[in-house]
Each structure stands twice: as C-alpha cells, then as structure tokens.
Amino acid sequence: MPQTRAQKLEQLRNGHPEFDIVVIGGGITGAGIAREAAGSGLRTLLVEQSDFSWGTSSRSSKMVHGGLRYLGSGQFNLTRDAVRERERLMAEAPGLIEPLRFIMPHYRKQFPGPGLFQVLLRVYDRIARNPSRQRLSPTETLQWVPGLATDDLVAASGFTDAVTDDSRLVQRVIEEAEADGALCLNYLQADAILRDEHSSAVTGVQLRDTVTGGQAFTVNARLVANATGAWAQALQTTPTEGSRIRPLRGSHLVLPFSRLPVSCSVSLFHPQDRRPVFAFPWQGTTVLGTTDLDHENELSREPAITREELDYLLQISQTLFPASGISENDIIATWAGVRPVVTEESPSGKPVKPSKENREHVIWYDSGLVSIAGGKLTTFRLIAREVLGKAHDLMPDFSLRENDARVFSPVAELERPESISHRNWTRLQGFYGPALGSVLEAGSHDTVPHSETLWAELAWAAAHTCVVHLDDLLLRRTRLGLILPSGASEVLPEIRKVCQPILGWNDDTWDREQSRYLGIWQSSYSLPAVGGDGK
Ligand SMILES: Cc1cc2nc3c(=O)[nH]c(=O)nc-3n(C[C@H](O)[C@H](O)[C@H](O)COP(=O)(O)OP(=O)(O)OC[C@H]3O[C@@H](n4cnc5c(N)ncnc54)[C@H](O)[C@@H]3O)c2cc1C
C-alpha cells in the first residue's frame, strides 16, 4: 500500500532526511528529473506547491511531437532529439503515448505549398526511421476529413506524430520515480533556497505545507533543481542580464466529437495571423487549439481563456469546416496554459511577436542551484539528463544511469476483462503500467457515462494518488471535468457515492470541495464571462 500524503509529510518533517537532490516543481520537467535522479540512485525529494501537473503540464496541447516546425526554421538537432524521444516513448508506453495522424490541407497560393511541405516531411521521416509521409489528392483528403472546406483545396500532406494525456504522463513518471525511492509531495511549496553564508553553496530548501499553511521547515540538499517553469525567476534570477521569463498563454476549446468528428489532427494556418492551429480528437471529444499571446495576469491564479481567444479559436472550425455551424453554444469546456519562454530584451526595446519566440529550453546554474524553463513534453527525459549533468560537480562519484534505461516499467501481465474494449484496455495499460492490477481491483469496470473512464480509475486515484481536493480528481487524475458537460455536474452525485468514503471526507468537506471545484471550473475551464479578460 503506497504511503498517503499525510504519512509522507510526517516522514519529511520528523525524519530530518538528507537529500542528494530536491526537485522543485511537479510538472513534466520536475517529474522527469526526479525519475532520472532516483533511477540513478540519488536520494530524491520532489515538491509541488499545488497539485502534481497543476501548472502548464496539465494544460498543453497534449502533442508528443518531433517539432516539424523547428525543422522549417533549420533547428535540425532539436527535431532529431524530439523525434527520437517520441519514438522511444511510444514504444515504452503505448496507450499513454499514442500515434496520431496529422493532415495539413494545402490551399491555392498558400505557403508552404505541398511540394515544399513534402520535402520537410521526407527529412522528418528519415530522422524518425519510420516513414509516415503521404500526399493526398483533394478527393483522398475528403475521405480522411469529411466536411473539410474544399474551395481552392489543391492537395493535403499526411504524417504521424503522437498524442498523450499530459497530466497522466506526469503522474506516471512520478509513480516511476517513487518506485525507485523518490519522495514526491504535492501542496508543498519551496519558499526559499538556503545557502552557506560563506561559500554561498546551496545547503537546502525551506518548505511550507500549502494545505494547512503550517509552520515552514527545512530539508538539506546538495543539489536543488528549480523546475518551476513560468515561476522559475521567483527562485533564481534569469541567466543573462536583460533576459526574463515571458509567460505566453495558449487556450483551447473542447467540443463534442459528434459536432466535429475528426479522426485525425487537422492543421491550418489561421486566416487572421497565419499561425499554425489545429483541431484534434482527444478522449472522445474534439479540441481546437491554440492561441499564443502575452499572459499578464498573476501566475498564482489559474489561467483562463478570454473572449478574444474564444472568437479566434471558433474561426478554426468556421474556416476548416464551414458547414459544421459550430458556435459558442457547442463548447463543453476550455483550458488555458502558460508557456514558460525565456526571452532576451530586443535591441529595439519592442518585444518580438509571441509566435516568433524561441521555445527551446534554457538551463542555468549557480553553486548547487540549477534552473530550467521552456521545453516540451516530448523531451523531458533529455532535459532531466542535462540537468543531472550538474550533479557531477557536487557529487564526483555520481553516475547517471544508462541512456537506454527505461522511463516506464513494463505493464503488468494481465488478461483483459471481457467488459473492457480492446481500445480502452490499451489505454489502461499505458496509463497505469505496473499498477493496472491494483486499479482493476479498486472498483467497478463500468465506465462513467459518456467517457472511457472506469469507475475503478476514480476509486484508485482517490485512494492512491495523494488527492487533496476534488479538482485534483476531476481535472487532473481523470479529465472528467474537461470532457463532460458542465464540468461533469450530472455525475457528481455518483462520483460522491464512490469517492467520498475512500477520501474519508465528511458531508461538510464534500460540500465545500464541490463548491471549490465548481468555482474553479467556472472561472478557468468554462466560457469567459461577457466582456471577460482572462480573469
Ligand atoms: C498552450 C500550450 C500548449 C502546449 N502544447 C505542447 C504540446 O503539444 N507538446 C509539447 O511537447 N509541449 C507543449 N507545450 C509546452 C509544455 O506544456 C511545457 O513546456 C511543459 O508542460 C512545461 O513543464 P514544466 O514542468 O517545466 O512546467 P509546469 O508544468 O508549469 O510545472 C512547474 C510547476 O512548478 C510549480 N511551482 C512553482 N513554484 C513553486 C514553488 N515555489 N514550490 C513548489 N512548486 C512550485 C508550479 O505549481 C507548477 O506545477 C505547450 C504549452 C502551452 C502553454
């Protein structure tokens, strides 16, 4: 039986353990570092101020991609690394990282035309050593994408990338780190980095429990990894004078699949600003994304879509699928995330256009504190290994585990229960890996209506994954709050029956948690208020 959050916290407060590394931030970057560190034998602590994956890593566009656009801008090495990681992740955790077909329709007089795009795809395929490139005639394109706008359609290009559930990806990587001995705690904030007053070398971190707000306490560490993404400069100033973290918001719309049934990701250049945007199938819905603009609100508040972004995203369906008649009334939910981009002050003093900012990760180091910002879901393992390169300076006998060591342990060998479809079984194997047996024993194998989520997944998450608030369960451990109408309000009474006893909440606690969850859903995952400003 894994430890509860309270038991882990008790162990940390009273055990005075020494750590080789403390990782601050429970997004994909922090999870990846904790996974590689613990796998390499380091005594590892990971702390997250809110819930695991609460930051950008539950709010991305969910693509595990090789970065075709980087190839277009000549960043060959970035594409090569990302494509190889994509292939590796798909091979290690099918069902969690799944291939997704992309179709890029080409319209007359649009750049890039099919000829040039096919050249890029040829290179992309060669790097992946897994050919997926296809050139489609307009008639073939319509077989792939019924209802697509056909005026001036000259051809389409097809290729394969991959898609995931970003939050589950983080959670699984954390579970792997824990299996190798890491201690990982949510709702524990790093308030300060402690340094030796003479040498200024890092000695530890001051922590505070954000659930009880209790007294701060300290832990000792030889190396601290500041993997706080958009928050990174609160703990360490950025690497060069004039550089800063520029938070850029990207928002998404979730639609019923029946209203926009796409079996692949369909891309286009947005008519307003020529940025690449897409519609893709995800967990039984269709998602439209994404925007890219300065996020000026406080980072402590959950980001939310604005009306301007909503109109921009609706234009995707109106341009690509003019007959679909999609409107605001069709939207099930929305989500917005903040990209942690490190920017340099431009010589003119005018900021560059958000879409022109470099998204490559940046790592900077000072006397035992290493900070990371930027990057992608796809390359978390490589980023982690780069960060741990700094451990050599402090721990000369440290050796990083082999490059071919697996991120994900193999799946438990189990027979598929007849009531679970083949497709859902593959997903469950990828989502839970070695824990699948325990998930299946946790509850009913029936699915929550209008979703693929088993009641057993909810019950297991409530029992085993340090759930503190109802929003942890409905927005991140499962995505029911994003894929069912009105934040899954209709099934909340059933969810209560299953989860309240497991969580050990009395009626008052449940009622309080339910209104907290619905408040968060309303302000950050639904439609913007009329005249709303991103809240
Ligand atoms: C709209 C959008 C779409 C994207 N789409 C894709 C995509 O399709 N594919 C892809 O590969 N990448 C995508 N990205 C990029 C990718 O999502 C991010 O690069 C990645 O999630 C960043 O992870 P992270 O762990 O560095 O940051 P986060 O996930 O933000 O994690 C940082 C964590 O640190 C915590 N924290 C902050 N301060 C403290 C503190 N003092 N103490 C403890 N914890 C703290 C925060 O609460 C947060 O949870 C997208 C990004 C956005 C915004």
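These legends accompany close-up views of a predicted model.

**View 1. The shell around the ligand.**
In this predicted model, 36 residues surround the ligand. The closest are Thr 29, Glu 48, Ser 57, Met 63 and Leu 377. By class, the shell holds eleven nonpolar, 20 polar and five charged residues.

**View 2. Polar atoms facing the ligand, and its cover.**
Ser 57, one of the closest residues, places a polar side-chain atom 2.5 Å from an oxygen atom of the ligand. Ala 190 uses its backbone: an N or O atom there lies 3.0 Å from a nitrogen atom of the ligand. Gly 375 also presents a backbone N or O atom, 2.8 Å from an oxygen atom of the ligand. Taken alone, the ligand exposes 1000 Å². The protein buries 96% of that area. Four elements each give two or more residues to the shell: helix 2 (28-39), strand 8 (188-195), strand 11 (243-256) and strand 16 (333-344).

**View 3. Strand 13 and its partner strand 12.**
Strand 13 spans residues 276-282 and is mostly covered. Six of its seven residues are buried. Strand 12 (residues 265-269) pairs with strand 13 in the antiparallel sense, over four bridges. Phe 269 stands opposite Pro 276 of strand 13. The hairpin of these two strands has six residues between them. In that hairpin, Arg 274 takes a positive phi near 65°.

**View 4. Strand 13 and its partner strand 14.**
Strand 13 also pairs with strand 14 (residues 285-289). The sense is antiparallel, and there are five bridges. Ala 279 stands opposite Leu 288 in strand 14. Two residues lie between the strands of this hairpin. Here Gln 283 takes a positive phi near 50°.

**View 5. The cis peptide bond at Pro 112.**
Most peptide bonds are trans. The bond that joins Phe 111 and Pro 112 is cis, with omega about -5°. Where does Pro 112 sit? Its place is in the loop between strand 4 (97-107) and helix 5 (114-128).

**View 6. The cis peptide bond at Thr 290.**
The peptide bond from Gly 289 to Thr 290 is cis. Its omega is near -5°. Thr 290 is found in the loop between strand 14 and strand 15 (293-294). Strand 14 is the strand that pairs with strand 13 in View 4.

**View 7. Asp 152 in its loop.**
Most residues other than glycine have a negative phi. Asp 152 is not a glycine, yet its phi is positive, at about 65°. Asp 152 lies in the loop between helix 6 (138-144) and strand 6 (153-164). Why does Asp 152 count as partly exposed? Its relative accessibility is 46%, and partly exposed covers the range between under 20%, which is buried, and over 50%, which is exposed.

**View 8. Ser 200 in its loop.**
Ser 200 has a positive phi of about 60°, although it is not a glycine. Its place is in the loop between strand 8 and strand 9 (202-209). Strand 8 is one of the elements that give two or more residues to the shell around the ligand. Ser 200 counts as partly exposed because its relative accessibility is 33%.

Terms used. Residues numbered from 1 in each chain as written. Predicted model: local features only at pLDDT ≥ 70, side-chain atom pairs only at ≥ 80, totals over all residues. Heavy atoms only, no water. Near = heavy atom within 4 Å. Polar contact = N/O pair within 3.5 Å; in protein donor to acceptor, adjacent residues only side chain to side chain. Areas by Shrake-Rupley, 256 points an atom, 1.4 Å probe, with all protein chains shown as cover. Nonpolar A, V, L, I, M, F, W, Y, C, P; charged D, E, K, R; others polar. Buried < 20%, exposed > 50% of the residue type's maximum accessible area, 1.4 Å probe, protein only. Pairing = 2+ DSSP bridges.
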